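Let's walk through how the protein meets its two DNA strands. Have the structure open as you read.

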Amino acid sequence: MLDIEDLTSWLPREVVELYQKEGIRELYPPQAEAVERGLLEGKNLLISVPTAAGKTMLAELAMLKAALNGGRSLYIVPLRALASEKQAAFSRFSDLGIKVGLSSGDMERRDEYLGRNHIIVATSEKADSLIRNGAQWIRDLSVLVVDEIHLLDSTNRGPTLEMTITKLLRINPNMQVLGLSATVANAREVASWLSSDLVESRWRPVELKEGVICNGELHFPGETVSIPSRRDDLVDLVEDTMNQGGQILIFESSRRNAEATAAKLARVVSKRTEKTRQGLDLGQNEGQRKKQGRVQESLLSEKVLATGESETGKKLAECVKSGVAFHHAGLLSEQRAIVERGFRSGEIRAIASTPTLAAGLNLPARRVLIKSYKRYEGARGMVAIPVMEYRQMAGRAGRPGLDPRGESFLMAKNDAETRDLLDHYVHGEPEEIFSKLAMEPALRTHLLSTMATGFAKDAEELKRFVDSTFYAHQQDAWHLDATIETVLDFLIESQMIEPDLRPTPLGALVSRLYIDPLTARIVVDNLRSKETTKITDLTLLHLITMTPDMDTLYVQASDGWVEEFIDQHYGEFCNEDNYDWMMREAKTAALLLEWIGEAEEEKIADRFRVGPGDIRRVAETAEWLMHSAGRLSEHLELGATFRIYQLEKRIHFGAGPDLLSLLDLKGVGRVRARKLHRAGYRSLDDLKGADVAEIAEVVGPRIAEKLMAQLRSGAG
DNA sequence: TAGCCAAAATTATAGACAGCATGTC
DNA sequence: CTATAATTTTGGCTA
């Protein structure tokens, strides 16, 4: 055991005191090991320990040490939400004079300004983008922290993480690297790639009991316990948890199941609210608890309703009234935040969730129930999840300092399945992780950026660069080499790099826009081939839905109208050979068309059978791609530039073409712009000539005043 | 022939990063 | 192309 006092050998007393004030007296064993291995002496470390075993604090110590010596640290996370969480946490060091910056796609300060911070938190894509756009400060890092580094294994986003790390290592040869990882079978391999020592441990601050629940019995390794009353395993376990004053997270494999389970629990639980609420572990006396419980409960469901009148929102509000919720990506981020806050405060006692909550925020519960350990994977049907993901979910059980221990259960139907699950998950070892860099889409993007950013000038340098990746470190390179050939040919043919591999201006632009080169190719080819006069809004919307950067909507059997839609607008669509894709693209484009036609979100959600969160996500992606298409059109003078930028703006606001000029005003979005338009104010000039009182009739006095001020200063 | 129940057929299926330049109701 | 669970439709049977 290492006392926190002992850290004064490396760090100033004020740092140590800060942690003491937070109640920390000694380091956890894995933390002590990291310090002994040279964490505070600049050593590279890969720390592979369970959730909540104090990884973040280790990163903090290393970053603080660097900051107090005038150094700069970059902390890479996989999710935007995690980035803001970390930034908020690190901001408590401001008393020590330490500045923290945040950089992610939706939260941006000027790149160079960012460099004035001691600690910068960024998503891996944003870090990559900062390198591509030539931020200077990123060439002077003392410490690099990579959170959840096991995501190197992810098909989607692993390659970006891998390339970003590789590039950062290249430009900062003396930087200390800290990899934070879940437990994986081949942590040593990752450690060796990073030239780092490995700190590996199974230690947890709260004991975790893992088991399987089946027909009223809890099977732990070597022990079986019955739970009271035998009707329905799910309901029994939830009630038992609540009777103990605990909270429970339930993992489901689909949104529908998550919603159905939450609704079911809400029905059962509401019958016995009073009794359960008394058990809640909120650290208040009983009277306070009852009162607050009621008041906040209704506040919470009202808050949900205030986020929108969608079907999803109503369902959620109904559940929340009973202290239950569901959680998935179809929710608005505001709705998710309410659910998360409600759970943390204890007002929500059970959440039925898709895997959103497994990887995301720190939201522990006393118990975890993994109702479904299988997941639908397109062509492969239902597939059992990897042990690593099971651990990720199970590890959510047990709140340090609040629960005596955590318990996590897989749900089984019979004895045979129970044995299998105990064997495979509870006793099983996590899998190895493998670099996914050799996938063609990943290489398309990253080879271009490697050339465009000057990490390699010719084939030989490229080879050397690729040799320093985790892929080359781990696997035989022949497959990689073959794919590289294919991809380079594509990039040359698309005129993004010269035959000698030097980037063209087009290639440089594509790299900075952070789009897949194939996206750029599709946009350029289609804009070139389509006669300008025949291009409609729908043409442009369809164009961006065709690109690999757009996640198209799923077409269901009940979406028969899509075929009609395609027939009706046949001439407006771009060429698409694959009819299945065409349906998905057309459906997605149709959603966007309704969005810019000012349809209410509720109607869109209903017609397309998506959640409100999906609408925003599609619109957000479309806006980014439309912007990129505009830049491409501008660069190559393809003739549609102005119309594309107008469309980008309409996608941003979800507004019709006649509102474009009104939207330039601050404080005016799709709703107020439409109100003004209906009242006869169709342009800024109309407004300038008007009386404040008249405008106040339409949008209220406060806004009207604000608008007039803008108009006076804007047009003189 | 309405009404009920069980068997068969049908249906649907997780998540979320990036550009740019600042503020919807 | 590989699965599963929830939902809907169909079909068999009874009264």
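## Ground rules

Helices (DSSP runs of H or I, at least four residues) and strands (runs of E, at least two) are numbered from the N terminus. A residue is near a strand of DNA if one of its heavy atoms lies within 4 Å of it.

This is a predicted model, where local features need pLDDT of at least 70 and side-chain atom pairs pLDDT 80 or more, while totals for chains, interfaces and linings use all residues. Residues are numbered from 1 along each chain, chains are lettered from A in the order written, and hydrogens and water are left out.

## Around DNA strand B

DNA strand B has 47 residues around it, with S129, Y554, E648, K666 and G667 the closest. Sugar and phosphate make up 56% of the strand B atoms within 4 Å of the protein. α28 is the top contributor to this surface, giving six residues.

Now the polar contacts (N or O pairs within 3.5 Å). Phosphate oxygens of strand B sit 2.7 Å from a backbone N or O atom of A329 and 3.3 Å from a side-chain one of Q556. H627 goes for a base instead: its side-chain N or O atom is 3.3 Å from a base nitrogen of strand B.

## Around DNA strand C

The residues near DNA strand C include R256, N257, Y376 and R380. Here 40% of the strand C atoms within 4 Å of the protein are sugar or phosphate, and the rest belong to bases.

Phosphate oxygens of strand C lie 2.9 Å from a side-chain N or O atom of K374 and 3.5 Å from a polar side-chain atom of K413. M382 uses a polar backbone atom, 3.0 Å from a sugar or linking oxygen of strand C.

Terms used. A polar contact is a pair of N or O atoms within 3.5 Å; within protein, one must be able to donate a hydrogen and the other to accept it, and residues adjacent in sequence count only if both atoms are side-chain atoms.
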